[in-house]
Amino acid sequence: MAGLTVVSGPSGVGKSTLIQRLRQTRPDVWVSVSATTRAPRTGEVDGEHYFFVTLEQFEQMRAAGEFLEYANFAGNWYGTPRAAVAEHLASGMPVVLEIDLEGARQVRRSMPHAQLVFLAPPSWESLVARLSGRGTEHPDVVARRLQAARTEMAAQGEFDVTVVNDSLDEAVARLVSLLGLPEASST
Ligand code: 5GP
């Protein structure tokens, strides 16, 4: 049955690549577009990857109760607009949120029937390699990310199911099957 599915997991695990692939290959799944106060990265399109908003706009939305959940991640605010999620759920489409651990916990409390999926790295070593492998970051930054990843990995047991991100195609197929859809797109 179509419903709400949350995809979360440690930073560096490849969540956004997985979700990007899901968006490209499954038009029958609706992926929520979050609002964020973070600046756009090269190639990110407003309204497609995120709604890029000012801190004031985010505060207004939060105060008006427009977010299903929201959290601060690495100094920026992120929130899921509630109305669009409700509309797509009402239309019968599977809805996917790609959010951080704190957001996943909020959804668990407010929507207990939501399915919580933890995207895990094939091994701790592979995550360390990804987080430190970009080579551009100061060692302190890498150390902070690793510390955060340790906390995030420890929360795995709070999720309904774990998908290991060893092969992108297989991870997408596994996620699609968890959404209750046939593997081959019907469109
Ligand atoms: P990034 O800045 O790399 O796009 O995202 C940073 C983190 O914020 C990721 O863990 C991502 O899953 C999370 N995130 C993105 N949108 C939302 C949201 O609407 N709510 C919450 N709680 N986290 C989000």
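## A tour of the largest pocket and its ligand

Begin by selecting helix 1, residues 15-25, which, in this predicted model, gives the most to the lining of the largest pocket, with 6 residues. Keep helix 1 coloured and add the other elements that each supply at least two residues of that lining, namely strand 5, strand 6, strand 7 (95-98), helix 5 (124-133) and helix 6 (139-154).

Next, turn to the space that these elements help to line, where the largest pocket holds about 1,200 Å³. Its lining is made up of 39 residues, and those to select for a view of the centre are Arg41, Tyr50, Phe73, Tyr78 and Glu98, which lie nearest to it. If you colour the lining by class, you will find 13 nonpolar, 13 polar and 13 charged residues.

Now show the ligand, which sits in this largest pocket. Around the ligand there are 15 residues, and Ser34, Arg38, Tyr50, Tyr78 and Glu98 are the ones that come nearest. Coloured by class, this shell divides into 5 nonpolar, 4 polar and 6 charged residues. Select strand 5 (67-73) and strand 6 (76-81) once more, since each of these strands supplies at least two residues of the shell around the ligand.

Which side chains place a polar atom beside an oxygen atom of the ligand? Start with Ser34, where a polar side-chain atom lies 2.6 Å from a ligand oxygen. Then move to Tyr50, whose side chain has an N or O atom 2.6 Å from an oxygen atom of the ligand. Finish with Thr80, where the corresponding separation, from a polar side-chain atom to a ligand oxygen, is 3.4 Å. With these contacts in view, switch on the ligand's surface: taken alone the ligand exposes 510 Å², and the protein buries 90% of that area.

Notes. Residues numbered from 1 in each chain as written. Predicted model: local features only at pLDDT ≥ 70, side-chain atom pairs only at ≥ 80, totals over all residues. Heavy atoms only, no water. Near = heavy atom within 4 Å. Polar contact = N/O pair within 3.5 Å; in protein donor to acceptor, adjacent residues only side chain to side chain. Areas by Shrake-Rupley, 256 points an atom, 1.4 Å probe, with all protein chains shown as cover. 1 Å grid on protein atoms, 1.4 Å probe; cavity = no way out; pocket = protein on both sides within 12 Å on 5 of 7 lines; lining within 4 Å. Sits in = over half its atoms within 2 Å of the grid points. Helix = DSSP H or I, 4+ residues; strand = E, 2+ residues; numbered from the N terminus. Nonpolar A, V, L, I, M, F, W, Y, C, P; charged D, E, K, R; others polar. Points joined across faces, edges and corners; volume = space filled by probe spheres on them.
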